[in-house]
Every structure is written in C-alpha cells, then in structure tokens.
Amino acid sequence: MNRLGKLQKLQEENGLDCVMVAAEPNLYYYSNFEGAGVLTLKDGRFTLIVPELEKNRALEVKGVDVVSYFPFKIAEDTFEGSLTTALKNVLGNCGKLGVDLGWVNTPSYLQFKTLVDNISDISDVILNQRSIKDEEEIAMIKEAGKITSSAMKVGMDKVLSGKVNEKQVAGYIDLTMKEEGAEDYAFPSIVAFSENSAKPHHIPSDKVFEMGKPAVVDIGAKFGGYCFDSTRTFIPSPLEEVKKIYEIVLQAQLEAIDLVRDGVKASEIDTAARKVIEKAGFGKYFVHSTGHGVGIEVHEKPYVSFTSKDTLKENMVITAEPGIYIHGKFGVRIEDTLIVRKGKPEVLETTYKLL
C-alpha cells in the first residue's frame with residue numbers, strides 16, 4: 001500500500017518546495033511504516049527519518065531513503081542529535097514547506113519553525129486523499145468487519161447467557177478479536193448496561209446485566225492498519241419504553257442509510273436521522289453526530305454531522321450511528337459501517353439487530 005506517488009502529486013498541486021509528513025496515521029498511509037518517524041519529500045527524494053531504535057524496521061520500507069538520529073554518534077549513517085538536527089540535514093534550504101499540522105503538537109511546531117519560515121498546513125489535503133479508499137483498503141476494512149462480527153456475536157451470546165458484568169463481556173470480545181486475527185482494537189471496547197447505556201463513551205464497569213434493559217456494545221477491530229466500527233443494542237424481553245426508543249433509533253438509522261450515495265452532502269445524512277428523532281420528541285437526547293469516516297483512524301473524513309461541509313464520494317467508508325440517551329435511565333445506539341457507492345451503499349453488517 002505504498003502511496004508515495006500521491007504525496008508527490010500533493011506537492012505539485014499545492015506549489016510546495018518540500019513536504020513533511022509527521023503524523024503516524026499519515027506516515028502509514030503513504031509509506032506503510034507504522035511507528036515514530038517523519039517522511040520528507042524534496043527534489044523528488046523521499047526520506048524516512050526515524051529514531052535509531054526504529055531504523056531496522058524502517059529499512060524494510062520500499063521507495064524511500066532511511067536516516068536515523070541518536071543523542072550521540074552511534075554509527076556513521078546516524079545523525080548526532082535530535083529530529084531537528086536530522087531535518088536540517090535532509091531538508092536544507094526549503095522555501096515553502098507543507099506539514100500536516102492538524103496532528104502536530106506545539107513543541108514540534110516550534111521546532112519546525114526553526115527550519116523554515118514559510119509553513120503551509122496540508123492536513124485537509126491529506127484527509128481528502130485518505131477519505132476515498134482504494135480496493136486494497138476496502139479489503140482490509142472488510143476483514144476488520146468480519147473479525148468485529150465474530151466478536152459481536154460472542155458479546156451478544158455472553159449478554160444473553162445471564163449474569164455477566166460489563167468488564168467480563170468486554171474481555172470476551174477483546175479476546176475474540178485477537179483470536180480472529182485483529183492486530184489491535186480500533187478503540188477501547190464499550191459495553192454499557194442499563195443506566196450506563198445513556199453514556200455514549202462509557203468505560204466498562206462491574207455492572208451486571210439486567211433483563212429487559214439495554215446492553216449497548218460498541219466495538220471495532222483493526223486489521224492491516226484499518227479500523228472498523230459497529231454498535232448493537234441488545235434488549236432481551238424489552239420494557240415497553242425501551243422498545244419504543246429502540247424502534248425510533250432504528251428508523252432514524254434506516255432513513256439515514258437510505259440517503260447514502262455518491263454526491264450527497266454528508267450534512268443531509270445527519271439531518272435525515274435527526275428529523276426522525278426530533279419528530280418523536282427526543283431531539284435533545286441525540287447528542288452526537290450521525291456518523292464519521294472510517295479508515296486508518298476510526299474517526300476521520302468525511303464528517304457526517306449537521307455542520308459538515310463534506311460531500312460523499314464513491315468508495316468513502318462511513319458510519320451511520322444515531323442514538324438516544326436518557327440520563328439516569330438508559331440509552332440506545334445502532335451503528336453500521338457503510339461503503340459509499342454510486343447507488344445504494346454497501347452495508348457491512350456485524351450481527352442482526354436484536355430486540
């Protein structure tokens with residue numbers, strides 16, 4: 001998945017003399033290198049600059065020169081000093097430098113400013129490139145989806161089995177993802193029972209499952225560097241109030257999914273889901289956006305919110321995840337990952353929705 005040519009195109013189209021990619025997700029996107037390092041492009045030459053301890057792994061990257069740095073002279077081909085020292089040697093005099101500043105912290109930015117005065121932020125350009133997936137990327141996401149599906153089935157079975165707590169279910173889910181081939185989790189698994197389900201980002205606790213009340217399970221595997229994201233709300237023998245909320249959220253999700261296709265504004269997807277929930281009288285309980293892009297990062301472009309300026313394009317991968325959260329009582333969320341197509345989207349199911 002080497003995309004160095006895309007980086008070169010970015011340089012040319014934006015009139016840049018040099019480019020520096022500093023963020024780990026962007027570094028992985030262009031070079032397939034996962035870890036600490038910086039990728040530079042100057043005069044047609046790609047250079048991967050890494051700490052000395054990462055050099056052996058970096059040497060496996062194709063199409064780039066590799067240089068390293070260390071506090072003192074440890075080898076002839078190692079720069080003595082910091083990353084800034086290495087960058088000065090690699091970039092030299094650079095007129096206009098493009099940097100992915102959206103991921104850069106203040107100390108790093110101040111270091112870069114010592115190298116060149118004219119810095120251009122290329123964060124959005126990179127995000128736009130990353131938002132449209134190629135077939136290899138889609139294959140990785142689908143495989144992550146299969147792993148997530150297996151783990152979600154285990155989570156559902158454990159919930160339905162009876163007296164388990166949130167931590168136990170999360171543990172079974174995480175173990176299953178690793179057993180099924182996940183290299184990592186896209187994010188810490190969320191398992192939330194009863195009143196905890198009203199907290200969208202709940203951290204699993206010792207809370208034991210109660211029949212008739214919701215169990216929200218939000219999980220995702222990572223495979224080949226790519227993430228997946230899925231949420232199911234399991235409610236065996238639901239209370240009438242819970243069933244009503246579930247059906248509203250499901251209808252909101254279905255109407256949002258029905259709009260997803262190439263050329264549609266992402267904000268329209270959010271509006272469609274929000275209208276269903278607002279009409280039912282629960283608008284103030286829908287406290288997040290309807291979805292987001294998925295890829296190397298579990299949250300990336302396009303942003304599926306009412307403020308989004310993004311337009312959906314074929315082969316973008318997004319989620320649709322409306323929810324209703326009533327503090328002190330319960331919450332319901334249903335989330336699927338979708339591939340945007342010219343016509344109807346491809347929905348990557350994980351388990352059947354369950355009442």
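Here are some short exercises with worked solutions on a predicted model of a two-domain chain.

**Exercise 1. Find the domains, and compare them with the UniProt record.**

Step 1. Start with the domain assignment, which gives domain 1 at residues 3-131 and domain 2 at residues 135-347.

Step 2. Turn to the record. UniProt, in an unreviewed entry, places "domain: Creatinase N-terminal" at residues 3-132. It places "domain: Peptidase M24", also from an unreviewed entry, at residues 140-341.

Step 3. Look at the make-up of each annotated stretch. Residues 3-132 are 37% helix and 25% strand, with the end C-alpha atoms 13 Å apart. For residues 140-341 the figures are 35% helix and 22% strand, and the end C-alpha atoms are 17 Å apart.

**Exercise 2. Describe how domain 1 and domain 2 meet.**

Step 1. Take the distance between them: the C-alpha centres of the two domains lie 35 Å apart. The contact takes 11 residues from domain 1 and 15 residues from domain 2.

Step 2. Now the area. The size of an interface is often given as the accessible area lost when the parts come together. Here domain 1 and domain 2 bury about 1000 Å² between them, and 45% of that is on carbon and sulfur atoms.

Step 3. Ask which residues of domain 1 supply the most. Tyr 28, Arg 130 and Ser 131 give 48% of the area that domain 1 buries against domain 2, more than any other three residues.

Step 4. Count the polar links. There are four salt bridges between domain 1 and domain 2, and five residue pairs are in polar contact across the interface.

Step 5. Place the domain 1 side on its elements. Those that give two or more residues to the side touching domain 2 are α2 (24-31) and α6 (123-131). The most come from α6, with five residues.

Step 6. Sort that side by class: it has five nonpolar, two polar and four charged residues.

**Exercise 3. Trace two salt bridges, one from Arg 130 and one from Asp 134.**

Step 1. Begin with the total: the structure holds 24 salt bridges.

Step 2. Follow Arg 130. Its side chain meets that of Glu 300 in a salt bridge, at 2.6 Å from N to O.

Step 3. Follow Asp 134. The partner is Arg 3, and the side chains meet at 3.3 Å, N to O. Asp 134 sits in the loop between α6 and α7 (135-161), and Arg 3 in the segment before α1 (4-13), so this pair ties together parts that are 131 residues apart in sequence.

**Exercise 4. Locate two features of the backbone.**

Step 1. Recall the background: most residues other than glycine have a negative phi, and most peptide bonds are trans.

Step 2. Check the bond from Lys 301 to Pro 302. This peptide bond is cis, with omega near 0°, and Pro 302 lies in strand β15 (residues 300-304).

Step 3. Check Asp 43. Its phi is near 55°, a positive value in a residue other than glycine. Asp 43 is in the loop between β2 (38-42) and β3 (45-51).

**Exercise 5. Work out the surroundings of Ser 120.**

Step 1. Find its element: Ser 120 is in strand β7 (residues 118-121).

Step 2. List its contacts. Leaving aside neighbours within four places in sequence, Ser 120 touches Leu 16, Lys 96, Leu 97, Gly 98 and Val 99.

Step 3. Pick out Leu 16. Ser 120 and Leu 16 are 104 residues apart in sequence, while their C-alpha atoms are 8.3 Å apart in space.

Conventions: Residues are numbered from 1 along each chain as its sequence is written. This is a predicted model: local features need pLDDT of at least 70, side-chain atom pairs count only at pLDDT 80 or more; totals for chains, interfaces and linings use all residues. Side-chain values use heavy atoms; hydrogens and water are left out. Domain bounds come from an automatic or database domain assignment. Contact means heavy atoms within 4.5 Å. Buried area is the accessible area (1.4 Å probe) that two parts lose on being put together, summed over both. A polar contact is a pair of N or O atoms within 3.5 Å; within protein, one must be able to donate a hydrogen and the other to accept it, and residues adjacent in sequence count only if both atoms are side-chain atoms. Helices (H or I, at least four residues) and strands (E, at least two) are DSSP runs, numbered from the N terminus. Ala, Val, Leu, Ile, Met, Phe, Trp, Tyr, Cys and Pro count as nonpolar, Asp, Glu, Lys and Arg as charged, and the others, Gly among them, as polar. UniProt positions are given in the numbering used here, feature names are shortened, and annotations may be inferred rather than shown by experiment.
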